[in-house]
Amino acid sequence: HEMGTARMGSDPHRSVLNKHNQAHDAKNLFVVDGASFVTSGGYGPTLTIAALAARAADYIVQQGKRGELE
């Protein structure tokens with residue numbers, strides 16, 4: 001699996017995505033695959049990717065209802 005190409009973190013200078021898998025520099029860009037992982041676990045990442053995608057989707061819906069997405 002390709003992982004680690006869009007690191008998740010709170011510092012925009014050291015990471016590409018915030019904790020909601022949203023790009024620091026492009027607020028309407030969400031990366032919901034293994035790219036946000038900074039390391040690989042001992043098993044396949046499919047369930048973790050699905051959980052992160054579901055969390056990002058919930059955040060997108062909440063932000064959309066508040067009118068906070070561009």
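**Close-up views of a predicted one-helix chain**

**Figure 1. Helix α1 has the length its residue count calls for.** At 1.5 Å a residue, the 21 residues of helix α1 (residues 46-66) should span 30 Å, and the C-alpha atoms at the two ends are indeed 30 Å apart, so expectation and model agree. Please keep in mind that this is a predicted model. Just after α1 comes Gly 67, with a positive phi near 70°.

**Figure 2. The buried residues of α1 line one face of the helix.** Here we look at Leu 52, Ala 56, Tyr 59 and Gln 63, which are buried. Seen down the helix axis, the buried residues of α1 fall within an arc of 60°, so they line one face. An α-helix has 3.6 residues a turn, so residues three or four places apart point the same way. Turned away from this buried side is a face that carries the exposed residues Thr 46, Leu 47 and Lys 65.

**Figure 3. Asp 58 is a partly exposed residue of α1.** If you are browsing the helix, pause at Asp 58, which belongs to α1. Its relative accessible area is 49%, and since exposed means over 50%, Asp 58 counts as partly exposed. For a sense of distance, take Ser 40: 18 residues separate it from Asp 58 along the chain, and their C-alpha atoms are 25 Å apart.

**Figure 4. His 20 touches residues of α1.** His 20 sits in the segment before α1. Leaving aside neighbours within four places in sequence, its contacts are Phe 30, Ala 56 and Tyr 59. Of these partners, Ala 56 and Tyr 59 are also among the buried residues of α1. Another useful reference point is Val 31, which is 11 residues from His 20 in sequence, with a C-alpha to C-alpha distance of 9.1 Å.

**Figure 5. Five residues make up the largest nonpolar core.** The members to pick out are Ala 6, Leu 17, Ala 23, Val 31 and Ala 35. From the viewpoint of Ala 23, and leaving aside neighbours within four places in sequence, the contacts are Val 16, Leu 17 and Leu 29. Leu 17 therefore appears here both as a contact of Ala 23 and as a member of the core, which is defined by side-chain atoms within 4.5 Å.

**Figure 6. Asn 21 is a buried residue with a positive phi.** Asn 21 is not a glycine, yet its phi is positive, at about 65°. This residue is found in the segment before α1. Its relative accessible area is 0%, so Asn 21 is buried.

**Figure 7. Ser 15 makes polar contacts through its side chain.** Ser 15 has its place in the segment before α1, and with a relative accessible area of 10% it is buried. Its side chain reaches the backbone oxygen of Gly 9 at 3.2 Å. A polar contact of 3.1 Å joins the side chains of Ser 15 and His 24. Not counting residues up to four places away in sequence, Ser 15 touches Arg 7, Met 8, Gly 9, Ser 10 and His 24.

**Figure 8. Stepping back, the chain has one helix and zero strands.** For 70 residues, a compact globule would have a radius of gyration near 11 Å, and the chain agrees with 12 Å. Along the principal axes, its C-alpha atoms fill a box of roughly 40 × 25 × 15 Å. Buried residues make up 29% of the 70 in the chain. Among contacts between residues at least 6 apart in sequence, 45% join residues at least 24 apart.

Definitions and conventions
Residues are numbered from 1 along each chain as its sequence is written. This is a predicted model: local features need pLDDT of at least 70, side-chain atom pairs count only at pLDDT 80 or more; totals for chains, interfaces and linings use all residues. Side-chain values use heavy atoms; hydrogens and water are left out. Helices (H or I, at least four residues) and strands (E, at least two) are DSSP runs, numbered from the N terminus. The expected span of a helix is 1.5 Å times one less than its number of residues. Buried means under 20% relative accessible area, exposed over 50%, partly exposed in between (1.4 Å probe, protein chains only). The arc is that of the directions from the helix axis to the C-beta atoms. Contact means heavy atoms within 4.5 Å. A polar contact is a pair of N or O atoms within 3.5 Å; within protein, one must be able to donate a hydrogen and the other to accept it, and residues adjacent in sequence count only if both atoms are side-chain atoms. The radius of gyration is taken over C-alpha atoms; the globule rule is 2.2 Å times the number of residues to the power 0.38.
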